Amino acid sequence: MQSGTGRRPGGCQRMMGLHCFLILSLFSCWAVGYKQGDNVTLYVNKVGPYHNPQETYHFYTLPVCRPEKVHHKSLSLGEVLDGDRMAESLYYIRFRENVEKKTLCKLTLSEKQVDELREAIEELFYFEFVLEDIPIWGFVGYIEESGFLPHSHKVGLWTHLDFNIEYNGDSVIFANVSVKDVKPVPLEEGAGAVVGGVGVGGGGLTVTHTYSVRWFESTLPHARRAERLRDYSFFPKTLEIHWLSIINSLVLVVLLLGFVIIILMRVLKNDFARYNVEEEGGCDDLDQGDNGWKIIHTDVFRFPPYKSLLCAVLGVGAQFLTLATGIIFMALLGMFNVHRHGSINSTAIVLYALTSCVSGYVSCSFYTQINGQRWVWNIILTSSLFSAPLFLTWSVVNSIHWWSGSTQALPATTVLLILGAWVLVGFPLTVIGGIVGKNRAGSFQAPCRTRNIARQIPSQPWYKHTVVHMAIGGFLPFSAISVELYYIFATVWGREYYTLYGILLCVFAILLSVGACISVALTYFLLSGEDYRWWWRSVLSTGSTGLFIFVYSVFYYRNRSSMSGLVQSTEFFGYSLLTAMVFSLMLGSVSFWASLAFIRYIYRSLKMD
């Protein structure tokens, strides 16, 4: 079983039953009461390479003990998106009743099955079980490399598991599995020796799987059992308390913002003192001998090219800003429990559909203000600006998962559910928001009139070119979040549980503040050079932060992770591109509105009749 190869899980990928009313089940976390001797169901879930978190396969794709008829658990949308495929197991566990070395099953493995297990163990396959919404992890087998001459390569299969379960009163608090003091069954390559069971000849092997169950009383209440899971360390801990790094970033950002604001205000004060001369007449009678941003007052509000695309970017950026803010505040309110698998994924899909009205409203409203005529096309462009790249990326990633037999490949019912959410909720809300925005849009508020003939733009020095502004405007916001970005990547592309949402909110606010301030400063420098093409420049300057985030994702993949293989690499880079696009749209929208407010302020402050 090679990482990313074309194994198919057979019946394990059958259609799963989904709960239709997702929101009602996203955040429910009630305690199930047991009496002594009651059956506690253990579900087997998935297996996969240790270093590829998103490359997972159904547990029953391995030659392991399985019931004659596999019964799957009904899963929520978030669990399916997370690659969960829970099925009932042969483990028989009774509440508060210990079991010692009970036989699970006896398997006769063919030579091909032995080789399949060997390959899985050599790729460090781990398994995940679920007991009362508590994930239980363990390795499929044992591998040992020793010596150089002679070289020793030993592969063993764990055929006995010790389940350690903690309880408080009538509820389960925590569970894990251990193989301490257990000897693995050696898997000899290409041999049919009598090992750990009865030899069957012809390269076959007979193994007996057993298990033990031990119950331990805990003082931790059920409401706080998530703390016990966070403290458990089957996977390496990398999310340490990083207050010092965050404080360091905060200090640097505050100094940067203070420097930009103070310098900009002093320069503007001098500009106002120089420009606000006692003159009679309006905007059109200003001294043509002046230079700087005052002289382009009749062109600075000239509408840009590609109006519809610009408005679509602003609308979708506002939508993601609303979505991100909503998720962070919901997390701060404790709505995402670590025992509810994929709850954030479900919430993101629901909020994306519901906030589509924001993108439609913002886009069509501003499009109408700047004299846009094709408002229907604007709504279609807005609705497809992100959803089209998302669907294309998902199609490629999902096809590769399906080809490899991974549980990350979505079942047909889930695909239809998500597609229905967009067709029946997302797109109609975009249209409704666009119609409301069009009808409520007023006239564009410009302090100065725009002449019919555009002013010639003088040649600009190299440091005022678009590429330079994108480098500056993208790097500074990225530097403000670079520390926190590592922890977010370790959570999304690892197996960490992120719980410091207060820090995340602070970093998010810093990111938006830095983006807005840098955009204002770059816009001022652009106008000072008598270049009035600020519309798209303000979006691109800070929106280029997405490029830096994608470059960082490449660095993380090569230097901070051990991911490999076609399946994992395709998903990582595909969704990293979408993440970069989300940041570009969101920050581009914030920087544009900040620049527009700044330009209106400085031209309104001039003494013009």
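This note goes through a predicted model, moving from the whole chain to individual side chains.

1. Overall make-up. The chain is built from 16 helices and 14 strands, and 52% of its 609 residues count as buried. The area that the chain exposes is about 28,200 Å², with carbon and sulfur atoms supplying 61% of it. Among the contacts with a separation of 6 or more, 80% are accounted for by residues 24 or more positions apart, and several of the pairs discussed below give particular instances of links between distant parts of the chain.

2. The surroundings of S89. This residue is placed in the loop between β4 (87-88) and β5 (93-94). Is S89 buried or exposed? With a relative accessible area of 15%, S89 counts as buried, because the limit for that class is under 20%. A polar atom of its side chain lies 2.7 Å from the backbone oxygen of L42, and the side chain of S89 also reaches the backbone nitrogen of Y91, at 3.4 Å. If residues up to four places away in sequence are left out, S89 touches L42, V44 and Y60, so that L42 appears both as a polar partner and in the list of contacts.

3. A stacked aromatic pair. The structure holds 50 aromatic pairs. One of them is formed by Y57 and F125, whose rings are stacked, with 6.2 Å from centre to centre and 5° between the planes. The pair links distant parts of the chain, since Y57 belongs to strand β3 (residues 57-58) and F125 to strand β7 (residues 125-131), 68 residues apart. Y57 is buried, at a relative accessible area of 0%, and F125 is likewise buried, at 1%.

4. An edge-to-face aromatic pair. F320 and F386 form an aromatic pair described as edge-to-face, with 4.7 Å from centre to centre and 80° between the planes. Where in the chain do F320 and F386 lie? F320 is in helix α6 (residues 307-332), whereas F386 is in the loop between α9 (375-384) and α10 (387-404), so this pair, too, links distant parts of the chain, 66 residues apart. Both residues fall in the buried class, F320 with a relative accessible area of 7% and F386 with 6% relative accessibility.

5. R228, with two partners. The charged end of R228 sits over the ring of F174, 4.1 Å from its centre. R228 also forms a salt bridge with E166, in which the closest N and O atoms are 2.9 Å apart. This salt bridge links distant parts of the chain, with E166 in strand β11 (residues 160-168) and R228 in helix α4 (residues 225-231), 62 residues apart. The two ends do not share one accessibility class: E166 is buried, with a relative accessible area of 16%, while R228 is partly exposed, with a relative accessible area of 25%. Elsewhere, R600 lies over the face of F444, at 4.8 Å from the ring centre.

6. Salt bridges around R214. The count of salt bridges comes to nine. One of these joins E100 to R214, the closest N and O atoms being 3.4 Å apart. The partners come from distant parts of the chain, E100 in strand β6 (residues 99-109) and R214 in strand β14 (residues 205-217), 114 residues apart. How accessible is E100, buried or exposed? E100 counts as exposed, at 53% relative accessibility, whereas R214 counts as partly exposed, at 27%.

7. A further bridge and a network. D531 forms a salt bridge with R533, where the closest N and O atoms are 3.0 Å apart. At 1% relative accessibility, D531 counts as buried. Which residues are joined into one network by salt bridges that share partners? They are E100, D162 and R214, and the bridge between E100 and R214 was described in the preceding point.

Note on methods
Residues are numbered from 1 along each chain as its sequence is written. This is a predicted model: local features need pLDDT of at least 70, side-chain atom pairs count only at pLDDT 80 or more; totals for chains, interfaces and linings use all residues. Side-chain values use heavy atoms; hydrogens and water are left out. Helices (H or I, at least four residues) and strands (E, at least two) are DSSP runs, numbered from the N terminus. Buried means under 20% relative accessible area, exposed over 50%, partly exposed in between (1.4 Å probe, protein chains only). A polar contact is a pair of N or O atoms within 3.5 Å; within protein, one must be able to donate a hydrogen and the other to accept it, and residues adjacent in sequence count only if both atoms are side-chain atoms. Contact means heavy atoms within 4.5 Å. Rings of Phe, Tyr and Trp (its six-membered ring) pair if their centres lie within 6.5 Å; planes under 30 degrees apart count as stacked, over 60 as edge-to-face and the rest as tilted. A charge sits over a ring if NZ of Lys or CZ of Arg is within 6 Å of the ring centre and within 35 degrees of the ring normal. Accessible areas come from the Shrake-Rupley method with a 1.4 Å probe; for residues, only the protein chains shown count as cover. A salt bridge is a side-chain nitrogen of Lys or Arg within 4 Å of a carboxyl oxygen of Asp or Glu.
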